[in-house]
Amino acid sequence: MNYLNSLNDDDLCEKPEGCKYNRLSLVLGAFRHLYAHLGNINATTIVETNEWPRVVGTYALENGFENYGLYE
């Protein structure tokens, strides 16, 4: 988070030395990669439990995760 918070608009447009992608593309690619793994985990959970994992939005940060069950 410190790295992301330290970037400004100009930094995001720059390409790190030896890289063909700019920093914004690299950051977004990392998020995309994370969500691909999350999808695999959720699919495995559905197959193994026959239940859908609960997906909570940012409202859960305000209301506390303990107010929601693990599954839909």
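Okay, let's start with the cysteines: the sulfur of Cys-13 has its closest cysteine sulfur 14 Å away, in Cys-19, and that's too far for a bond. A disulfide would need the two sulfurs within 2.5 Å. Seen from the other end, Cys-19 is in no disulfide either, with the sulfur of Cys-13 as its nearest, 14 Å off. So the count for the structure is zero disulfides, going by that cut-off. As for their surroundings, Cys-13 is exposed at 58% relative accessible area, while Cys-19 comes out as partly exposed at 25%. And before I go on, please keep in mind that this is a predicted model.

Right, the overall picture. We have four helices and zero strands, so reading from the N terminus you just get α-α-α-α. How spread out is the chain, compared with a compact globule? The radius of gyration is 17 Å, and the globule rule gives 11 Å for 72 residues, so we're well over that and the chain is more spread out than a compact globule. The C-alpha trace spans about 45 × 30 × 15 Å along the principal axes. Of the 72 residues, 12% count as buried. If you take the contacts with a separation of 6 or more, residues 24 or more positions apart account for 3% of them. The accessible surface comes to about 6300 Å², and carbon and sulfur atoms own 56% of that.

Speaking of surface, there's a nonpolar patch of about 1000 Å². Its members are Met-1, Tyr-3, Leu-4, Leu-24, Leu-28, Phe-31, Leu-34, Tyr-35, Leu-38 and Ile-41. Two elements give two or more residues each, helix H1 (2–6) and helix H3 (23–49). Which of them gives the most? That's H3, with seven residues. Phe-31 is one of the patch residues, it sits in H3, and at 41% relative accessibility it counts as partly exposed.

Now stay on H3, but go to Arg-23. Is it buried or exposed? Buried, with a relative accessible area of 18%, and the cut-off there is under 20%. Leaving out residues up to four places away in sequence, Arg-23 touches Tyr-3, Leu-7, Asp-11, Leu-12, Glu-14 and Pro-16. With one of those, Glu-14, the Arg-23 side chain forms a salt bridge, 3.0 Å from N to O. Glu-14 itself is partly exposed, at 40%.

How many salt bridges does a search of the whole structure find? Two. The other pair is Arg-54 with Glu-72, at 3.7 Å from N to O. Arg-54 is in the loop between H3 and H4, and Glu-72 is in the segment after H4, so this pair ties together parts that are 18 residues apart in sequence. Arg-54 is partly exposed at 31%, and Glu-72 is exposed at 57%.

One last residue, from that loop between H3 and helix H4 (59–63): Asn-50. Its phi is near 60 degrees, so a positive value in a residue that isn't glycine. As a reminder, most residues other than glycine have a negative phi. Asn-50 is also exposed, with 70% relative accessible area.

To wrap up, then: zero disulfides, two salt bridges, four helices, and a nonpolar patch to which H3 gives the most. That's what I had.

Conventions: Residues are numbered from 1 along each chain as its sequence is written. This is a predicted model: local features need pLDDT of at least 70, side-chain atom pairs count only at pLDDT 80 or more; totals for chains, interfaces and linings use all residues. Side-chain values use heavy atoms; hydrogens and water are left out. Patches are made of residues with over 30% relative accessible area and no salt bridge: like charges are joined within 9 Å, nonpolar side chains (Val, Leu, Ile, Met, Phe, Trp, Tyr) within 5 Å. Accessible areas come from the Shrake-Rupley method with a 1.4 Å probe; for residues, only the protein chains shown count as cover. A salt bridge is a side-chain nitrogen of Lys or Arg within 4 Å of a carboxyl oxygen of Asp or Glu. Buried means under 20% relative accessible area, exposed over 50%, partly exposed in between (1.4 Å probe, protein chains only). The radius of gyration is taken over C-alpha atoms; the globule rule is 2.2 Å times the number of residues to the power 0.38. Contact means heavy atoms within 4.5 Å.
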